[in-house]
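Biologist: I am new to this structure, and I would like to know what stands behind the terms used for it. Could you take me through them step by step?

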Amino acid sequence: MRIKSLLTALALVVLLSSTALAEKTIVHFFVLPASIPSEQLVKFDDFLVHTAGGFTATRSYGGAMTSLGKDYAPENLSYTVAAPKHLRKEIMDYLKKNCGQKEVFMLVWPADRPGL
């Protein structure tokens, strides 16, 4: 009887583990000016670690969307954050309240996590 229960439990783990690991995620991509003081960025990075579990940030270059290419932003920070839920509101509220950002350029889309 124990072997049958053990085999049943093992079968359930194998069947359900692929479903649990193949979870959907929400990707948040946003751009911030590199002129934000480093102390504020460090606190923001900590916020992302505690809220989303982590992030990726890189230096980027480009123009302002509202200027149709007339204004050139020589240096920005591009963040990519993957989380199990939408964090758009939390991230934008934090940036407005704690980093003085009036507007935040953000793209959000659902994604699969292949390989997990």
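Modeller: The model is a predicted one, and a helix here is a DSSP run of H or I with at least four residues, numbered from the N terminus. Helix 3 comprises residues 88-98, and just after helix 3 comes Gly 100, which takes a positive phi of about 70 degrees.

Biologist: Which elements does the chain hold, and in what order do they run?

Modeller: The chain has three helices and four strands, and from the N terminus on they follow the order α-β-α-β-β-α-β.

Biologist: What makes Gln 40 count as partly exposed?

Modeller: Buried would require under 20% relative accessible area and exposed over 50%; Gln 40 has 27% relative accessibility and therefore counts as partly exposed. Gln 40 is found in helix 2, and beyond residues up to four places away in sequence, Gln 40 touches Asn 98 and Cys 99. A polar atom of the side chain of Gln 40 lies 3.5 Å from the backbone oxygen of Asn 98.

Biologist: How do you know on which side of helix 3 its buried residues lie?

Modeller: The buried residues of helix 3 are Ile 91, Met 92, Tyr 94 and Leu 95. Because they cover an arc of only 160 degrees around the axis, they are on the same side of helix 3. On the other side of helix 3, Lys 89 and Lys 97 are exposed.

Biologist: What covers the buried residues of helix 3?

Modeller: The cover includes strand 1 (24-33), helix 2 (38-52) and strand 4 (105-112).

Biologist: Why is a set of residues called a nonpolar core, and which residues have the most contacts inside the largest one?

Modeller: The name is given to buried residues of certain kinds, Phe, Leu, Tyr and Ile among them, because they are joined through side-chain atoms within 4.5 Å. The largest such core has 20 residues, and those with the most contacts inside it are Phe 30, Leu 32, Phe 44, Leu 48, Tyr 79, Ile 91 and Leu 95. Strand 1, helix 2, strand 3 (72-83) and helix 3 are the elements that give two or more residues to this core, and helix 2 contributes the largest share, five residues. Leaving aside residues up to four places away in sequence, Phe 44 touches Phe 30, Leu 32, Tyr 79, Ile 91, Tyr 94 and Leu 95. In soluble globular proteins, nonpolar side chains tend to be buried together.

How values were computed: Residues numbered from 1 in each chain as written. Predicted model: local features only at pLDDT ≥ 70, side-chain atom pairs only at ≥ 80, totals over all residues. Heavy atoms only, no water. Buried < 20%, exposed > 50% of the residue type's maximum accessible area, 1.4 Å probe, protein only. Arc of directions from axis to C-beta. Contact = heavy atoms within 4.5 Å. Polar contact = N/O pair within 3.5 Å; in protein donor to acceptor, adjacent residues only side chain to side chain.
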